[in-house]
Amino acid sequence: MTKLSAAYFALLKHWQTLTGYKYFWPVFLIAGLAFCAAASASEFLDLYLQLILIYVGINIILTVSLNLINGYMGEFSVGHAGFMAVGAYVASLLTVHVFPPGAVNILFPLAILAGGVGAALIGFLVAIPSFKTRGDYLAIVTLAFCMIVKSVLENIDAVGGPRGLLGMEKLTTLPWVFFWTVLSVWVIRNLVYSNFGRGVLSIREDEIASDLMSVNTRQVKIIAFVVSSFFAGIAGGLFAHALQFINPRMFDILKSTDILIMVYLGGIASISGSIIGAVIYTILLEILRPLGIWRMVLMPLMLVLLMIYRPRGIMGLREARLFIPLRDLVTEKLWRQKKKEAPDASA
Amino acid sequence: MPLLEIFRLTHRFAGLCAVSDFNFSIEPHELVGVIGPNGAGKTTVFNLITGVYKASEGSIKLNDRELVGLTPHQITRSGIARTFQNIRIFKELSVLDNVRIAHYGQIAYTPAEALLHIGRFRAEEKRITNLSLDLLAIFKLDDSANEKAKNLPYGLQRRLEIARALATRPALLLLDEPAAGMNPNEIIQLMEFIRWIRQTFSVTIILIEHQMRLVMGICERLVVLDFGATIAAGLPSEIQKNPKVMEAYLGVEVAS
């Protein structure tokens, strides 16, 4: 155990030195995109590995966006799979029935975007009960929402009812997943380090005090829910076009639970944590596949142990410096220096 | 013209009358104390003024603008800020963020600009951060700007809470038992501090307090509440001798 934690801290330290390297992000983005493009074009990664990477990306989008509500805002939403379903169905209907078959390839990003917008509209509606209810009660509301989405989809024959929807082309390629993942992480990071993000955090800390400190809590909640569900919708669209088949049962409460696990595994209120959580969970599920049914015993057991020894998750309430905007880092550095110069000045 | 005018304010919690027929007015730059025994309805009055509770009856006017029915953040933006009896700073956030959050209403960029970090975002963030750091420097909290608020000692947390309230640029500052948990020495310092705040930020102050030493020392006028109704009002020296007040605080026999 001590060896493991030493490695963990070594990794953390290494991470901090990386942040001093200002070319990290440009290099990472270009190299990542090049790798994804090469992998999907020349198939030097076999299709199975590519599919796992695609799932990793989709799960990162889902986890980061849910973390906005459950981690940063401190609410407990279990309806994320519902938003994902909306995005998946809207995008699939567009590519299967609406767009001309020849142009589907080019119009694919538009379909994904439409899925996100559809989910965001629904997210706007779900934000309204959050004005009045909090905590457990809001969890019940989002649970109900998730069930409504599932049963509505099961009862519309035009989208295949309980049988589901198929006929999508395999349009979700690795470069597209990379693009949407980077976009969602970037946008949510931007939101968190803005006035509205600070509003989200203050709602978690003390909603009444936050309202009394001039924060328009309704506006903040609407923004958080709309952004979060938008990206859940994006992930849903990508998921549908990776699997090429969707049915309502895929988006029930169990799917939400999966996302919740990744959020709490990685750590609340941390973007780096969400990424780590999504990567570890997705890859572990694949690695443990040979264990068959025992996988479903081992994974929860790991979660229980994690919650006992690291109740806030791997990165709970902390952030890797890579994700903190330079401006905030600089202010921090300035104050550290000042403190060093005049250590006895603290009142 | 009075800055704040409260007329026949009444508030009931399921039949219990917490505040009844409360009248009050305060001129700009006054420092008025509200005192009364436990459960007299003092904090309820603050909660009604700031919109945490919606008044059952009556009116509250700030500069002739009706406040009853507005949400707390609208009331704060119209110029009333407060602190709390038991400190309610944002514990897990940095001292700097605590103050930056209070600038929420003064930021001029839209959500879209925030999501993409474009347009006015950078300039506004810089402006707000500098304003907050200046305010922290005035309150001698700048050395702990990046500390989590919960790590500050108790006295500094109180100071941070006042700094945060002032960041909303209030005309009227409501202090709810600022001396709670302080020793006599600290109370003397606090008196100086409150006078200094009134001078520096030119705010009007209403103070709820239990510590007689503090109220008698700095308030220009006192209002005494008991069972949600005003039982006395006037100069501190008059209040001190008022038999009704002594009765409310000490009981009938001692007073007579």
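Is A:Cys146 buried or exposed? In this predicted model, A:Cys146 has a relative accessibility of 3%. It counts as buried because that value falls under 20%. B:Cys219 has a relative accessibility of 6% and therefore also counts as buried. A search of the whole structure, over all chains, finds 0 disulfides. A disulfide is a covalent bond between the sulfur atoms of two cysteines.

Chain A and chain B are in contact. Chain A contributes 40 residues and chain B contributes 43 residues. The area buried between chain A and chain B is about 3,900 Å². Carbon and sulfur atoms give 61% of that area.

Polar and charged pairs also link the two chains. There are 3 salt bridges between chain A and chain B. One of the salt bridges joins A:Arg198 to B:Glu125, with the closest N and O atoms 3.1 Å apart. Between chain A and chain B, 16 residue pairs are in polar contact, with both residues at pLDDT 80 or more.

Several helices of chain A build its side of the contact. Helix 7 (174-192), helix 8 (195-205) and helix 9 (207-212) each supply at least two residues of the side that touches chain B. Helix 10 (217-243) and helix 14 (326-341) of chain A likewise each supply at least two. By class, this side of chain A has 18 nonpolar residues. Polar residues number 11 there, and charged residues number 11.

Notes
Residues numbered from 1 in each chain as written. Chains lettered and ligands numbered in written order. Predicted model: local features only at pLDDT ≥ 70, side-chain atom pairs only at ≥ 80, totals over all residues. Heavy atoms only, no water. Disulfide = S-S within 2.5 Å. Buried < 20%, exposed > 50% of the residue type's maximum accessible area, 1.4 Å probe, protein only. Contact = heavy atoms within 4.5 Å. Buried area = accessible area lost by both parts, 1.4 Å probe. Salt bridge = Lys/Arg side-chain N within 4 Å of Asp/Glu carboxyl O. Polar contact = N/O pair within 3.5 Å; in protein donor to acceptor, adjacent residues only side chain to side chain. Helix = DSSP H or I, 4+ residues; strand = E, 2+ residues; numbered from the N terminus. Nonpolar A, V, L, I, M, F, W, Y, C, P; charged D, E, K, R; others polar.
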